Amino acid sequence: MFEKEKNYSPNLEELKSHYRSVITLLGEDADREGLLKTPERVAKAMLNLTHGYRVDPHEVLLSAKFKEEYSQMVIVKDIDFFSLCEHHMLPFYGKAHVAYIPNGYITGLSKIARVVDIFSHRLQVQERMTLQIKQCIQDTLNPLGVMVVVEAKHMCMQMRGVEKQNSITTTSDFTGAFNQAKTREEFMNLIQHGSL
């Protein structure tokens, strides 16, 4: 997990003011003892949950880009993530599985997980997040191919609307060598089996 920003945005005071108004508009007393610090806590939480806007994922990958002749599949699977649905600003969470086939360069394994964290720490839809992770790795490392699979539960489906507690949404995207069904099948088999 990469280090969270210790200095909050200059927007903190303005966000606090808005959250105080929201509490009042919901019918609560923002001056009640239990709510006095809530606007600041929520403002800090939201800045933390959206800190992906303030980090460049390409720079993260480039910071640990190494020349290496390895040309087989590299997989980082079961990357936990939490994000906020841009439609209701409710959480969705799950696991991302990422593979790439190097083309002369590799990156530090932790950097793949950091790229997932950066894109998930924005207001998101799962489909776009899947595409952004794939495209960032493809553009930065220029590998022979990239594949990303994301599995998530969405609180906007669990807490409101259809209120379905056990549904899981799966999205995938791929480039290059993963356009071949055999390569995709190998990746899917590897992420479903072989846990430590």
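**Helices, a sheet and a buried isoleucine**

Let us start with two helices, α1 and α2, which lie oblique to each other because their angle falls in none of the other classes (under 35 degrees is roughly parallel, over 145 roughly antiparallel, 65 to 115 roughly perpendicular). This is a predicted model, in which local features need pLDDT of at least 70 and side-chain atom pairs pLDDT 80 or more, while totals for chains, interfaces and linings use all residues. Residues are numbered from 1 along each chain as its sequence is written, and side-chain values use heavy atoms, without hydrogens or water.

Helix α1 covers residues 12–25 and helix α2 residues 38–49. Helices here are DSSP runs of H or I with at least four residues, strands are runs of E with at least two, and both are numbered from the N terminus. The two helices pack at about 120°, and their axes are 8 Å apart. Axes are lines fitted to C-alpha atoms, for helices over the stretch in contact, and angles between N-to-C directions run from 0 to 180 degrees. The crossing of α1 and α2 is right-handed; that is, the near helix is turned clockwise from the far one by less than a right angle, whereas anticlockwise would be left-handed. On the α1 side, Leu12, Leu15, Lys16, Tyr19, Arg20 and Ile23 take part in the contact, meaning heavy atoms within 4.5 Å. Their partners in α2 include Val42, Ala43, Met46 and Leu47.

How does the chain divide into domains? The domain assignment gives domain 1 as 9–48 and domain 2 as 56–190, with bounds from an automatic or database assignment. Between the C-alpha centres of domain 1 and domain 2 there are 33 Å.

Now to the sheet. It is open, has five strands in the order β5-β2-β3-β6-β7, and its pairing is mixed; two strands count as paired if DSSP finds at least two bridges between them. At the edges are β5 (123–124) and β7 (169–174), each of which pairs on one side only. Helix α4 (residues 109–120) packs on this sheet and touches β2, β3 and β5, with its direction at about 20° to that of β2. Helix α7 (residues 181–192) also packs on the sheet, touching β2, β3, β6 and β7 and making about 45° with the direction of β6.

Strand β3, residues 91–101, is worth following from one neighbour to the other. Eight of its 11 residues are buried, where buried means under 20% relative accessible area, exposed means over 50% and partly exposed lies in between (1.4 Å probe, protein chains only). Nine bridges pair β3 in the antiparallel sense with β2 (residues 74–85), and valine 76 stands opposite valine 98 in β3. Toward β6 (residues 145–154), β3 has 10 bridges, again antiparallel. There valine 98 stands opposite valine 148, while alanine 96 faces valine 150.

Which backbone angles call for a second look? Aspartate 78 has a phi near 55°, a positive value in a residue other than glycine. The residue belongs to strand β2 and is partly exposed because its relative accessibility is 33%. Methionine 89 likewise has a positive phi near 55°, and its place is in the loop between β2 and β3. In that hairpin, five residues stand between the strands. Methionine 89 counts as partly exposed because its relative accessibility is 41%.

Our last stop is the pair α4 and α5. The axes of α4 and α5 come within 10 Å and cross at roughly 140°, so the two helices are oblique to each other. Their crossing is right-handed. From α4, Ile112, Val115, Val116, Phe119 and Ser120 meet a group in α5 that includes Met129, Ile133 and Cys136.

Is isoleucine 133 buried or exposed? This residue of helix α5 (residues 126–141) is buried, because its relative accessible area is 0%. Leaving aside residues up to four places away in sequence, isoleucine 133 touches Val98, Val115, Val116, Phe119 and Val148. Among these, Val115, Val116 and Phe119 lie in α4, and valine 98 and valine 148 are the pair that stand opposite each other in β3 and β6. Isoleucine 133 is also 9.2 Å from aspartate 173, C-alpha to C-alpha, although 40 residues separate them in sequence.
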